[in-house]
Amino acid sequence: MINLKKLRLTALIILLLSLLALALPMLAGRIYKKLDIFSDSKNSDITLFLHEKGEKLELSFNEYLLGVLLAQIDGDHHRETLRAAVVASRSALLYMKGACRQLCKADADYCNCESSFRYMGREAYEKDNGDSLSSKLFELIRESDGEILLYRDSYALALMHRSSYITTESSYEVYKRSYPYLEPVITAENPEIKEFFILESEILQKLGKYIGERYGAGIPLSPSLKLGRTGRVDSVNLCMCDIPASEFTEIFGIPSRSFEIKEAYGGLVVTSYGVGDGVGMSLMGADKMCSDGFSYKDVLLYYFKGCKIISEN
Ligand SMILES: [Zn+2]
C-alpha cells in the first residue's frame, strides 16, 4: 500500500528543492558562459552590476573592456587612435576597479551607472559578426595585452571624449576632482559644428522654474554666457537669471559645453562645437595627430601629460 504521508512529504521536498534550484542563480547573480576568445586576459574575471536590470554578470576583463569601448566610440577612426583608446580605457578601468562599491554601493567590481562607465553588452558585437569596429577593437585588445598608462606608478584614469574645440577640458570643471594628467591641452581637430533652434515656448516650458515669472513680468530673454577658463560655458543667462550650462545642455540635447547663443525671431539659435565633456583624450584630435604621422604612444603621452606607458606582461 502506498504511504500517502510519505508521498506528500517527498513531493514537498521535491518542490522545495526545485524552488531552491531556481532561486540560487538569482541569488548568485547571472553567470555568463565565458567566451573563449576573451579568456587570455591576464586581468581575468570581473563582476559587473547592471543597474537597470538589477543583474550581476561575471565576465572576463577583456570582454568588459570591449563593451566599454563600444559604448564610447562611434564612427571611423584611425587604427592608432583605436589602439590609444584601448590602452587608455584599460588603464581607466583598472583605476576604477571596485570604486562603485563606495560610489553607488553596487556589490560588484564595476557597474554601469553615472559614477562608472557606460557598457554595451554582448549583443552589440555578437549580432554583428562582420562589424569592423568590434573586430578591429578586439584585435587591438589582443595586440596590446598588458599595455597600460601609469601616473606615478598607479593606473591612470585615462578618460576620453569624441571632439573638442581648441582645448580639452580640466577634469575639475566636470567632475570636481583634479588629476595632473586631466588638464587642458590644445587639440587640433576640426570641431564638429552643430546648430540648434530652440523655440521660445520650449524654453519657457523647460526652464519655467528659472525664468517663468521674470518672463511673465516682461523681462526679455536677452541671452548671454559666462565662460570658464577653457572657453566652455559655465552658465547661460536668460531673463537676467543664471542657468548652469550642464543643465542647459542636457535639457536641450546640446552635445558639448562649447557653444554660442543668439537671439532669433521666435527663439534662440545655439551653435555648438565638439561632442562630449572634453575631458582627457579627444578621439578626433587623436585622428588628426595619427594622420600627421604620430603613433598611439605619442597621442597618449600628449593628452595625458606626465603619464608613462608600460607593459605589464
Ligand atoms: Zn553604479
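These notebook entries follow one small set of strands and helices through a predicted model.

Entry 1, the sheet. I looked up the strand order and found an open sheet of three strands, arranged S6-S5-S15 with antiparallel pairing. Strand S6 (154-155) and strand S15 (308-311) are the edge strands, each having a single partner, so one side of each is left without a neighbour in the sheet. I then checked how S5 (residues 147-151) is joined to S6, and found two bridges between these antiparallel strands; for Tyr151, the bridge partner in S6 is Ser154.

Entry 2, a residue in S15. I picked Ile310, which is found in strand S15, and asked whether it is buried or exposed. Ile310 counts as exposed because it has 12 C-beta neighbours inside 10 Å, and a residue with 12 or fewer falls in that class. Leaving aside neighbours within four places in sequence, I find Ile310 in contact with Ile148 and Leu150. I also noted that Ile310 and Gly146, although 164 residues apart in sequence, are 8.1 Å apart in space, C-alpha to C-alpha.

Entry 3, the helices. Turning to what lies across S5, S6 and S15, I found helix H3 (residues 79-96), which runs at about 60° to S5. Helix H2 (residues 61-72) meets H3 with axes that come within 10 Å and cross at roughly 115°, and I recorded this crossing as right-handed. On the H2 side the contact is made by Leu65, Val68 and Leu69, and on the H3 side by Ala85, Val86, Ser89, Arg90 and Leu93. Sorting the residues of this contact of H2 with H3 by character, I get six nonpolar, one polar and one charged.

Methods:
Residues numbered from 1 in each chain as written. Predicted model: local features only at pLDDT ≥ 70, side-chain atom pairs only at ≥ 80, totals over all residues. Pairing = 2+ DSSP bridges. Helix = DSSP H or I, 4+ residues; strand = E, 2+ residues; numbered from the N terminus. Contact = placed C-beta atoms within 7 Å. Axes fitted to C-alpha atoms, helices over the stretch in contact; angles between N-to-C directions. Left-handed = near helix turned anticlockwise from the far one by under 90°. Nonpolar A, V, L, I, M, F, W, Y, C, P; charged D, E, K, R; others polar. Buried ≥ 20, exposed ≤ 12 C-beta atoms within 10 Å, placed from the backbone.
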